[in-house]
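Q: I've got a new model open and I'd like to learn how to read it. Can you take me through a few features, one at a time?

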Amino acid sequence: LAANRCGQVLVADGVLGPKSIAGINACDPKAFLAAMAVEMKIYYDSIVAKNPKLKVFIKNWTRRAAWVG
């Protein structure tokens with residue numbers, strides 16, 4: 001999904017195959033990492049939405065996402 005934020009058109013099928021690798025490699029590295037950070041934050045927020053008890057971890061998870069991007 002991060003590669004899609006960089007203008008690639010990939011289907012999220014759970015497989016990191018040759019098309020995924022090619023799509024990632026076609027992205028500008030800085031733009032890809034920024035997009036990856038956004039996707040990580042969205043993922044972490046979804047974890048907390050499903051299980052609010054895990055909110056205690058969101059600060060560090062968000063920090064981890066910011067470090068990537």
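Q: Which elements do the buried residues of helix 3 pack against?
A: This is a predicted model, so take what follows as a reading of a prediction. To read packing, look for heavy atoms within 4.5 Å of each other. Here, the buried residues of helix 3 pack against helix 1, helix 2 and helix 4 (58-68).

Q: And which residues in helix 3 are buried?
A: Buried means under 20% relative accessible area. In helix 3 that picks out Phe32, Ala35, Ala37, Glu39, Met40, Tyr44 and Val48.

Q: How many residues does helix 3 have, and what is its reach from first C-alpha to last?
A: The trick is to compare the end-to-end reach with the span you'd expect at 1.5 Å a residue. Helix 3 has 22 residues and covers 32 Å from its first C-alpha to its last, close to the expected 32 Å.

Q: Next, pockets. What is the volume of the largest pocket, and which residues lie nearest its centre?
A: With a pocket, check the volume, then the lining. The largest pocket comes to about 350 Å³. Its lining has 17 residues, and those nearest the centre are Leu1, Ala2, Ala12, Leu16 and Ser20. Helix 1 (2-5), helix 2 (18-26) and helix 3 (29-50) each give two or more residues to that lining. Helix 3 supplies the largest share, 4 residues.

Q: How do the lining residues divide into nonpolar, polar and charged?
A: Sort the lining by residue type. For the largest pocket you get 12 nonpolar, 3 polar and 2 charged.

Q: Where is isoleucine 21 found, and how far is it from leucine 1?
A: Compare separation along the chain with separation in space. Isoleucine 21 sits in helix 2. Isoleucine 21 and leucine 1 are 20 residues apart in sequence, and their C-alphas are 12 Å apart in space. With a relative accessible area of 39%, isoleucine 21 is partly exposed, because it falls between the 20% and 50% cut-offs.

Q: Last one: why is cysteine 27 not bonded to cysteine 6?
A: For a disulfide, the two sulfurs must be within 2.5 Å. The sulfur of cysteine 27 is 3.6 Å from that of cysteine 6, its closest cysteine sulfur, so the pair is too far apart for a bond. By this rule the count is 0 disulfides.

Q: Are those two cysteines buried or partly exposed?
A: Go by relative accessible area again. Cysteine 6, at 23%, counts as partly exposed, whereas cysteine 27, at 8%, is buried.

Methods: Residues numbered from 1 in each chain as written. Predicted model: local features only at pLDDT ≥ 70, side-chain atom pairs only at ≥ 80, totals over all residues. Heavy atoms only, no water. 1 Å grid on protein atoms, 1.4 Å probe; cavity = no way out; pocket = protein on both sides within 12 Å on 5 of 7 lines; lining within 4 Å. Points joined across faces, edges and corners; volume = space filled by probe spheres on them. Nonpolar A, V, L, I, M, F, W, Y, C, P; charged D, E, K, R; others polar. Buried < 20%, exposed > 50% of the residue type's maximum accessible area, 1.4 Å probe, protein only. Expected span 1.5 Å × (residues − 1).
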